[in-house]
Amino acid sequence: MPFVRVKTSSGNIKFHYNISTPDLDVADKIDPAVPVLLWFHSLAFPHVFHSQFADPLLRKFNLVAFDFRSHGDTEGDDLPEGYGIREAEEDALAFMDALRLPPCHFIAMDYGSPVALQIAISHPERVLSLFFISQTCLEEPPEVREGHQQVYDCWNAAFPGPHEYDNERMMEGGYGFAQFMFSNNMTKMADALFKISFGLSQKHWGYNGLKNYRIATLEFLLNRKSQPESALARIRCPVKLVYGTEDVAYPQEYNEEFQRQLENAGVDVSLLVVPGAPHFVSVEYADQ
């Protein structure tokens, strides 16, 4: 598995990543002759773009995916208190610099979307387009905040001590979150992704990782603020939003409001609504 080490103001990081080129499933470097698509994954599910990396149409390009801190196989220092979008942006830019990536097309799902958005605002020259699947760039709605708190409380309660754990509580929190993202329709693919992600979550967010769990999930999500129009106006690239009508976490109005804000800021934006798709649109609705 390829890794690259970087150092940012919030710590030392050993990023796990994967590069797929038109010729290689796992490459050491990008093919400079074709564009680069950089993927920002969802909360707790770093393999959520599996269907896209298996798509012959997309494999005509460089596909570069990396695991966020406290996710997947990425390792490094514990997250500092207050770690948020700005710090994650700095980390992502350091990763891009380490791999010497040119300006990229950004594809992001929920957790990754505000990080990709922040780069497009702070460093618009590095972003060729933004493709957001089930974006979470606005503040969390009250009912979603409540759901995140419930999942956090359940998972946290599963680790009462350094050598104790409640597997039933763990499964309740982890599987409950997965059902939330897949709209209670756990297909074979959804279940396979859950099993991989559940194991990685246990590695990162066991008793000794509960601080990272709090910062990387609950606080990262609940402390997020919407970007002002003056910031959105700095975006220079087109934006595509994708939303599934069976998303039980976020209503369609949440995406339409973000679309309006981008339009008011003068951004070229469009919204694709996928009938019947859950929050994790890209898993079972890849063709659309």
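**Exercise 1. Count the cavities of 30 Å³ or more in this predicted model, then describe the largest one.**

Solution.
Step 1. The count is 4 cavities of 30 Å³ or more. The model is predicted.
Step 2. Take the largest cavity. Its space comes to about 240 Å³.
Step 3. Turn to the lining, which has 19 residues. Closest to the centre of the cavity are Ala44, Val151, Phe177, Trp205 and Tyr213.
Step 4. Assign the lining to elements. Helix H4 (142-157), helix H5 (167-181), helix H6 (188-204) and helix H7 (210-222) each give two or more residues.
Step 5. Sort the lining of the largest cavity by class. There are 13 nonpolar and 6 polar residues, and no charged ones.

**Exercise 2. Describe the second largest cavity: how much space lies in it, and which residues line it?**

Solution.
Step 1. The second largest cavity holds about 70 Å³ of space.
Step 2. List the lining. It consists of Leu43, Asp110, Tyr111, Thr136, Glu140, His148, Phe177, Met181, Leu221, Tyr250 and His279.
Step 3. Split the lining of the second largest cavity by class. The result is 6 nonpolar, 3 polar and 2 charged residues.
Step 4. Check Phe177 against both linings. Phe177 lines the second largest cavity. Phe177 is also among the residues closest to the centre of the largest cavity.

**Exercise 3. Is Ser183 buried or exposed? Place it in the fold and list its contacts.**

Solution.
Step 1. Ser183 sits in the loop between H5 and H6.
Step 2. The relative accessible area of Ser183 is 16%. The cut-off for buried is under 20%. Ser183 is therefore buried.
Step 3. Leave out residues up to four places away in sequence. Ser183 then touches Glu246, Asp247, Val248, Pro278 and His279. Of these contacts, His279 also lines the second largest cavity.

**Exercise 4. Which residues of the largest nonpolar core touch the most other members? Follow Phe95 further.**

Solution.
Step 1. The largest nonpolar core has 97 residues.
Step 2. Leu38, Phe40, Phe45, Phe95, Phe106, Leu130 and Ile235 touch the most other members.
Step 3. Look for the main contributor. H7 gives the most to this core, with 8 residues.
Step 4. Expand Phe95, again without residues up to four places away in sequence. It touches Val4, Val6, Phe15, Tyr17, Leu38, Val64, Phe66 and Leu101.

**Exercise 5. Relate the UniProt domain to the secondary structure.**

Solution.
Step 1. An unreviewed UniProt entry lists residues 46-282 as "domain: AB hydrolase-1".
Step 2. Over residues 46-282 the chain is 46% helix and 15% strand.
Step 3. The end C-alpha atoms of that range are 13 Å apart.

Technical notes:
Residues are numbered from 1 along each chain as its sequence is written. This is a predicted model: local features need pLDDT of at least 70, side-chain atom pairs count only at pLDDT 80 or more; totals for chains, interfaces and linings use all residues. Side-chain values use heavy atoms; hydrogens and water are left out. On a 1 Å grid over the protein atoms alone, a cavity is a set of points where a 1.4 Å probe fits but cannot get out, and a pocket is an open set with protein on both sides within 12 Å along at least five of seven lines; lining residues have an atom within 4 Å of a point. Grid points are joined across faces, edges and corners, and a volume is the space filled by probe spheres set on the points. Helices (H or I, at least four residues) and strands (E, at least two) are DSSP runs, numbered from the N terminus. Ala, Val, Leu, Ile, Met, Phe, Trp, Tyr, Cys and Pro count as nonpolar, Asp, Glu, Lys and Arg as charged, and the others, Gly among them, as polar. Buried means under 20% relative accessible area, exposed over 50%, partly exposed in between (1.4 Å probe, protein chains only). Contact means heavy atoms within 4.5 Å. A nonpolar core is a set of buried Ala, Val, Leu, Ile, Met, Phe, Trp, Tyr and Cys residues joined through side-chain atoms within 4.5 Å. UniProt positions are given in the numbering used here, feature names are shortened, and annotations may be inferred rather than shown by experiment.
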